[in-house]
Amino acid sequence: MDSLVISLAGATVMQEDNIVLRDVRLDVKKGEMVYIIGKVGSGKSSLLKTLYGELPFNGLTGNVLGYDLSTITQRELPMLRRKMGIVFQDFQLLSDRSVYDNLLFVLNATGWKKKAEMDKRIREVLTQVDMVHKGYKMPHQLSGGEQQRIAIARALLNQPELILADEPTGNLDPDTTDQLMQLMLKINKEGKSIVMATHNYNVIRRFEARTLKCENSVLVENVPEVVELDFF
């Protein structure tokens with residue numbers, strides 16, 4: 001169990017009163033990269049939301065980063081989320097603040113106090129995503145790929161053990177997607193576990209990793225020969 005960052009068994013993933021995935025088994029090891037693929041609406045995003053506690057957990061075993069999803073309290077949720085980084089398709093940057101202030105907002109919200117330490121950490125993550133000279137920019141002054149790099153920097157601020165990425169390349173062109181995936185692989189090789197939901201076949205073909213598929217309300221190990229399916 002110590003080598004696992006995620007361990008689900010007999011899990012049911014629900015949106016309101018609708019079952020989207022049933023009897024889910026998912027084990028993710030430390031340092032592993034895993035794709036969750038499937039058609040739009042097949043349950044990929046709902047599964048990620050269950051992992052970070054936005055949707056309630058129902059099942060036999062639900063352990064993420066040492067937290068039991070079946071008993072976790074609202075008070076404990078921020079502590080779980082501080083141990084993970086979440087990257088969204090639509091970036092979700094604060095439009096009225098600079099890049100630096102977007103990152104500073106997260107550090108303030110997660111309990112950082114010392115200005116010098118916050119400055120240092122912001123510079124570190126911006127350097128990590130090759131955006132160290134963009135701290136003064138406003139989000140609207142950045143390209144889509146640059147905004148997603150900032151979103152990844154934001155996810156890295158608290159040195160998470162696990163990155164959950166929900167269609168992170170969904171709004172990007174192919175060249176920018178390749179650049180972002182190179183960055184994600186670099187982060188993975190530095191020891192971060194990554195679970196990424198996608199329906200972009202080119203991504204999973206070009207950047208191979210263990211692949212699970214949401215299909216017919218179940219999550220199954222994907223068979224490489226049948227990867228190229230209509231995800232739309």
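Trainee: Which residues are buried in α1?

Mentor: Keep in mind that this is a predicted model. Helix α1 runs over residues 44-51, and six of its eight residues are buried, so the helix is mostly covered. Buried here means under 20% relative accessible area. The ones that pass are Lys44, Ser46, Leu47, Leu48, Thr50 and Leu51.

Trainee: And what phi does Gly53 take, just after α1?

Mentor: Most residues other than glycine have a negative phi. Gly53, just after α1, is a glycine with a positive phi. Its value is about 85 degrees.

Trainee: Let me step back, then. How many helices and strands are there in the protein?

Mentor: Both kinds of element are present in this protein. Some helices you'll meet again as we go, including α5 at residues 144-156 and α4 at residues 115-128. The count is seven helices and 10 strands.

Trainee: What is the radius of gyration of the protein, and how does it sit against the globule rule?

Mentor: The C-alpha trace spans about 45 × 40 × 30 Å along its principal axes. For 232 residues the globule rule gives 17 Å, and the protein comes close to that, so it is as compact as a globular protein of that length. The radius of gyration is 17 Å.

Trainee: What share of the contacts with a separation of 6 or more comes from residues 24 or more positions apart?

Mentor: Contact means heavy atoms within 4.5 Å. Gln148 gives you a feel for this, since its contacts include Val87 and Leu180. For the protein, the share is 70%.

Trainee: Which residues touch the most other members of the largest nonpolar core?

Mentor: This core has 38 residues. Elements that each supply at least two of them include β3 (33-38), α3 (99-109) and β8 (193-197). The residues that touch the most other members are Tyr35, Leu126, Ile150, Ile152 and Met196.

Trainee: Which element gives the most to this core?

Mentor: Helices α4, α5, α6 (174-189) and α7 (201-206) are among the elements that each supply at least two residues. One of them leads with six residues. That helix is α6.

Trainee: How many residues are in the other core?

Mentor: This core lies apart from the largest one. Its members include Val28, Leu47, Met84 and Ala197, and you've already met Leu47 as a buried residue of α1. The number of residues is 33.

Trainee: Is Gln148 buried or exposed?

Mentor: Gln148 lies in helix α5. Leaving aside neighbours within four places in sequence, Gln148 is in contact with Val87, Phe88, Gln89, Phe91, Pro168, Leu172 and Leu180. Its relative accessibility is 0%, and the cut-off is under 20%, so Gln148 counts as buried.

Trainee: What about Gln147: buried or exposed?

Mentor: Gln147 lies in helix α5. Not counting residues up to four places away in sequence, Gln147 touches Phe91, Leu93, Pro139 and Leu142. Its relative accessibility is 16%, which is under 20%, so Gln147 counts as buried.

Trainee: Where does Gln159 lie?

Mentor: Gln159 has a positive phi of about 50 degrees although it is not a glycine. Its relative accessible area is 55%, and exposed means over 50%, so Gln159 is exposed. As for its place, Gln159 is in the loop between α5 and β7.

Trainee: Is Asn216 buried or exposed?

Mentor: Asn216 sits in the loop between β9 (210-215) and β10 (218-221). Asn216 is not a glycine, yet its phi is positive, at about 55 degrees. With 71% relative accessibility and a cut-off of over 50%, Asn216 counts as exposed.

Trainee: What is the relative accessible area of Arg210?

Mentor: Arg210 is in strand β9. Setting aside residues within four places in sequence, its contacts are Asp27, Val28, Glu32, Met33, Val34, Tyr35 and Glu221. Arg210 is partly exposed, with a value of 25%.

Trainee: Last one: what separates the C-alpha atoms of Asp119 and Leu104?

Mentor: Asp119 lies in helix α4 and is partly exposed, with a relative accessible area of 29%. Along the chain, Asp119 and Leu104 are 15 residues apart. Their C-alpha atoms are separated by 8.1 Å.

Conventions: Residues are numbered from 1 along each chain as its sequence is written. This is a predicted model: local features need pLDDT of at least 70, side-chain atom pairs count only at pLDDT 80 or more; totals for chains, interfaces and linings use all residues. Side-chain values use heavy atoms; hydrogens and water are left out. Helices (H or I, at least four residues) and strands (E, at least two) are DSSP runs, numbered from the N terminus. The radius of gyration is taken over C-alpha atoms; the globule rule is 2.2 Å times the number of residues to the power 0.38. Buried means under 20% relative accessible area, exposed over 50%, partly exposed in between (1.4 Å probe, protein chains only). A nonpolar core is a set of buried Ala, Val, Leu, Ile, Met, Phe, Trp, Tyr and Cys residues joined through side-chain atoms within 4.5 Å.
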